[in-house]
Amino acid sequence: MPKNVMVQDAAGHTIGSTYLRRAKGLLKSGRAVLVDDHTIQLRASAQNAAAPENKKEQNMEQEILFCAKAFYQKSETGCSLLTMGDANGESMEVWELDGEAAPAVIIAELQQLPLTDYVLRFAVLGSAASEILRCTIKTAADTKTYALEQGRYQPQYSRKTADGTLLRVYALPVQTDADGAVTVEMMAKQAAVQVLPIQPESVYAALPPYDYSDWKQETASANKAVINLANAKLPKSALLQILANCGEQADVNLENADIYNDME
């Protein structure tokens, strides 16, 4: 069973998600039954079984945790449901949004408690120089679209993974209306990214801080052309031609070079 478990009411409607520990507690107490490896269903006599039992659990219950199984893709291209390993080596399901050629979109239609403040938590792995990443949250009363790309909306955590990939963790506010219905839409354009469940805070604490500007600077440095003209002897006109061809991003080494003037 994954770390984030989908929760259904007694009628089989998805009402959100909860932590694995909480789901196991509901199953053990008989207040819920197991539907499949990623879903539990509350018994009719325990419709309020997911209500918080203490302050710590109250905070948990006010979160909407990203659960890949709750989402479907808007079109047949650009999105893939994948299984990966998390920081503890356990399997987790993620959505890969390949929006490099065309926008890639996933959507979830959730039923939450009415008139309740939540926080939607998810992580995004990957980046691109021209990325457009949007998360739209719709309720009966309001629609908000968050521009996540290029640091325009500040993530809760921004980290560098072991392989140098940019990892961003978001916490977006959600306020349900009287019907409790929430639609979440995630879109990637001009980028290929993965949307993941969140991990324990200790996982992010162990990773070095790293934001989009850091990633962009490192990427530009890695792609910079290196022209080694050390100890070379060449006319000034040839040097100017080389500089014009390689562009401003090139790193030119002129140590001990003999550049003579042939343009007079």
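**Strand pairing, cysteines and salt bridges in a predicted model**

Strand E9 (residues 104-111) and strand E15 (residues 181-189) run antiparallel and are joined by 8 bridges. Here two strands pair if DSSP finds at least two bridges between them. Strands (E, at least two residues) and helices (H or I, at least four) are DSSP runs, numbered from the N terminus. Within this pairing, Ala104 has Ala188 in E15 as its bridge partner.

The model is predicted: local features need pLDDT of at least 70, side-chain atom pairs count only at pLDDT 80 or more, and totals for chains, interfaces and linings use all residues. Residues are numbered from 1 along each chain as its sequence is written, and side-chain values use heavy atoms, with hydrogens and water left out.

E9 and E15 belong to an open sheet of 5 strands. The strand order is E6-E9-E15-E11-E12, and the pairing is antiparallel. Strand E6 (71-73) and strand E12 (143-147) stand at the edges. Each has a single partner strand, so one side of each is left without a neighbour in the sheet. From one strand to the next, the twist averages 20°. For such angles, axes are lines fitted to C-alpha atoms (for helices over the stretch in contact), and angles run from 0 to 180 degrees between N-to-C directions.

Strand E11 (residues 132-138) also runs antiparallel to E12, and 5 bridges join the two. Thr136 stands opposite Thr145 in E12. The connection from E11 to E12 is a hairpin through 4 residues.

Cysteines were examined next. A disulfide is a covalent bond between the sulfur atoms of two cysteines. With the cut-off set at a pair of cysteine sulfur atoms within 2.5 Å, a search of the whole structure finds 0 disulfides. Cys79 is buried, with a relative accessible area of 9%. Cys135 is also buried, at 0% relative accessibility. Buried means under 20% relative accessible area, exposed over 50%, and partly exposed in between (1.4 Å probe, protein chains only).

Charged pairs form a further set of contacts. Side chains of opposite charge can pair when their charged atoms come close. A salt bridge is counted when a side-chain nitrogen of Lys or Arg lies within 4 Å of a carboxyl oxygen of Asp or Glu. The structure holds 7 salt bridges.

One of them joins the side chains of Glu63 and Arg121, at 2.5 Å from N to O. This pair links distant parts of the chain, 58 residues apart. Glu63 lies in strand E5 (residues 63-65), and Arg121 in strand E10 (residues 117-125). Both Glu63 and Arg121 are buried.

Another salt bridge pairs Lys69 with Glu93, whose closest N and O atoms are 3.7 Å apart. Lys69 sits in the loop between E5 and E6, while Glu93 is in strand E8 (residues 91-98), 24 residues apart. Lys69 is partly exposed, with a relative accessible area of 35%. Glu93 is partly exposed as well, at 24%.

Glu218 and Lys160 also meet through their side chains in a salt bridge (3.3 Å, N to O). This contact links helix H4 (residues 212-222), which holds Glu218, to strand E13 (residues 157-160), which holds Lys160. The two residues are 58 residues apart. Glu218 is partly exposed, with a relative accessible area of 40%. Lys160 counts as partly exposed at 23% relative accessibility. In addition, salt bridges that share partners join Arg134, Glu149 and Arg152 into one network.
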